[in-house]
Amino acid sequence: MKFKKEITGLKVALMIISMFAFLFIIAGTTPLTTAQTAISEATACCERTNTGAWCMNAPEAECDTNYNTAPTSCETTSYCRLGTCYESGEGICMENTPQRVCNDNGGTWDSREIEEVPQCQLGCCIVADQAAFVSLVRCKKLSTLFGVENNYKTDINDEVSCIAEAQSQDTGACVYEKDFERVCEFTTRGDCGASERVETVNQTNITLSSQKTFYKDFLCSAEELSTSCAKQSSTSCYQGDVYWMDSCGNRENVYSSDKVKSWNSGKVADASTICAANDGSDINCGNCDYMLGSRCAEFTGMLGGPTSGDNYCQKTECVDRDGNKRINGESWCAYDDAVGNGGDMVGSRYFREICADGEVRVEPCADFRNEVCIEGSIETTSGDFVTAACRVNRWQDCVSQDDKDDCENIDKRDCMWLGPVTGMTLGQQQQGGSSFSNPASSGTMFTNPTATGGVTGMAVSPITGQSIIGGSETEAPQETTTTNRPSGVCVPNFPPGLSFWEESSAQQICGQANAKCVVVYEEGLLGGKKIVEGEECLAEQWALASNRVCTSLGDCGGYTNYQGQFADDGYKWVEDGVEKKFSPNNVNIIKSGITGRVISLFSKLLG
Amino acid sequence: MIKISMKKELQKKGQVTIFILIAIVIVSAVLVFFLWTKPTYFSEEGRELNFEGCVKDVVNQAIGELEKKAGSINPQFTYQYNGEQFTYLCYTNQYYETCTVQTPFLKNIFNEQMNLLVKDKIDACYSNSISDLKSQGYSVTEGNLEYDTAIEPGIVRIEIEAPTTIGSQSLARFNVEINSPIYEMVMISTSILQSEAKYGDSDTSSIMRFYPNYIINKIKRSDGTTIYILENQITKNKFQFASRSLAWPAGYVLQ
């Protein structure tokens, strides 16, 4: 029996090749449940905290004793219940406002959602030719501030339709008599307050009346109207375009140095019929186009100005960090390094850049890659107009996906599918006590690069695992290579950043993955031995593939930071009890940021 | 010869008399001007006495001070960034939650705080003007000063009730108007605040498109705080504040 055991021991030379072990702690939990955890830490609802914040769930010691404190959540208190606050002066509604704060600021508090509060119902407010999607009281306030009548429409339910409504209004000359003079205002029919009757112009039959008469599509300088307004006396900016103005200060048609064409015999003309959309290259055309990067501005130079007036379509451009020209209003994404495909480097972040008045302004997306930047473009006559935005990185439930289709469902999450890695287990709390060390319990396993003066964001991941091989035959367990991801691994497409230099969830997140491979040898009858199982695990590419999974989980594994520095203390690779490191060649592969492609290739081969 | 010299002497005396008479007329005219005309001048051109000018300076200074603190003279709850304190207008200390509004109506608080901030200084402007007049020898009766500020599109209006009597001239009210974009800035900030409270973020690009004279700098900090700096490109006024809404932790929140 004993002899048989020895034979078996010889045949089965159990070897633990490596451990890319990152213990899983968050088994069975979803990240979003942690919000409740944060709340549960708060022991009281402070009406005001010592720092001056209103209505916070916080430890009781942080509450200002001059205000109310209750050992419960703020949502259940009377003074800190959140609701909608309404102010009748300006007609403004504000949600998520505590009752006390609302009342102290002269508002009226309502426990209902903003959509259910009658005073906060939105409608289309048309004031002259402008539109605003606001409450009725706000509409009246705007009307008062600008001294014009309003037209409030409750049947229009969205902002786009509201703007369209304003743009579709009839415009024309509003003529009336004032102080024995025939006065004209270029406005909308509604603002004119004239009758709905369509007026026809008959020059031989113009009567003076104090009653207003609206002449649709006529300019105030139209000769037929016999007003005192002379045509094209100056120019002015209006809604981003340059317009001719008559001597009475009324807007006419879009500016063009071809005065006859622009005046259009005293009738309203569409801007595109006067001159083509101007990208800023034509100083004598006022049809500025925001999407082409031009908008109306005052000409301040000495030479080369417009033929008439002081306004022109100013072209504003910026140059992005890659040297590309960007037009005014364009926004685009900027990165610290390679992005996506699980390859975001440690400490990197997404940025949105905007060209605003010739200057590139940088808007960082949320730190720790909790937001990523997305961009799209609109085709214009002079090329694409790019717009970008920061949006939430949905990485949280990637690891729990074991189906490729679910993993790659971009409607639900931002994950990617990697090929299978021999012996890889994901999302399982490693059992067996002494077999694996939990780096989370060993603070020394983590280094804080900032504390040591190193480069911020250096990758340091939890290090787990131990060599299993060795010991007597009787003690040697019958180890096998197992995996719970036989078809592949789902990992974040944009790995989240982790605050690994302090006590945080970094240990938990990095500890989700563990790879263990058993190599089986068969001893020949005449001596020697040959590998019958697990040969692939002896190749460095297996370790690279494992590392690839680790680096995709977040700031884990052996990886490079955004400044190009590689750190190899973020993994532990043990083969037959001996700790190994990546070869310089493979370190260069990892540093060059092409880990993803290389490893995915190896994974396919190995898988 | 004697006759001739006497005649010359008489002519000289006549000239002196005429000069004296002219001098009296001039002095009288000056006195009448200063005693009667000058108070009227005060009422019409108060600026010359530097009362309106003083008020304008005070209000401009107050606007400049308040817009950096989001409308509060002494904001308690702030975020420090680049050596400056940014007042939190909306805040949550939790992750994954939208913020709780701390100051719902910016315009009201700005108006209220501006009234407080300028009170003593406008009183000082008035007192100084009265003192100036008194030192110039006018008989001045001063009354209780009352005023109100109103923020409107493009202007800040100060209505001052100052029942004052200077000589026989009575003055009651001054209206001082100051060109300022503060109304628009406060309303744009309110709009950002509404968006932060509802969605946890705001789209500054669309705001900048609708308000081409404004630049909005939006800076997201690692702790989830967002700093907003709204700048009027023409006047260079800056309105700035902070918000912490829908913040995300690094990784997960530890259980």
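**Helix α11(A), the A–B contact and a helix pair in chain B**

Q: Is α11(A) mostly covered or exposed?
A: Mostly covered: twelve of the 14 residues of α11(A) are buried, buried meaning that 20 or more other C-beta atoms, placed from the backbone, lie within 10 Å of a residue's own. This is a predicted model, where local features need pLDDT of at least 70, side-chain atom pairs count only at pLDDT 80 or more, and totals for chains, interfaces and linings use all residues. Residues are numbered from 1 along each chain as its sequence is written, with chains lettered from A and ligands numbered from 1 in the order in which they are written.

Q: Which residues of α11(A) are buried?
A: Among them are A:Trp542, A:Leu544, A:Arg548 and A:Leu553.

Q: What should helix α11 of chain A span?
A: At 1.5 Å a residue, 20 Å for residues 540-553, and the end C-alpha atoms are 20 Å apart, which agrees. The expected span is 1.5 Å times one less than the number of residues.

Q: New topic. How many residues does the contact take from each chain?
A: It takes 57 from chain A and 43 from chain B, contact meaning C-beta atoms within 7 Å, placed from the backbone.

Q: Which element gives the most on the chain A side?
A: β7(A), with six residues. Helices (H or I, at least four residues) and strands (E, at least two) are DSSP runs, numbered from the N terminus.

Q: And at what angle do α3 and α4 of chain B pack?
A: About 140 degrees, with axes 9 Å apart. Axes are lines fitted to C-alpha atoms, for helices over the stretch in contact, and angles run from 0 to 180 degrees between N-to-C directions.

Q: Which residues of α3(B) make that contact?
A: B:Leu106, B:Lys107 and B:Phe110, against B:Val186, B:Ser189 and B:Thr190 of α4(B).

Methods. Two residues are in contact if their C-beta atoms, placed from the backbone, lie within 7 Å.
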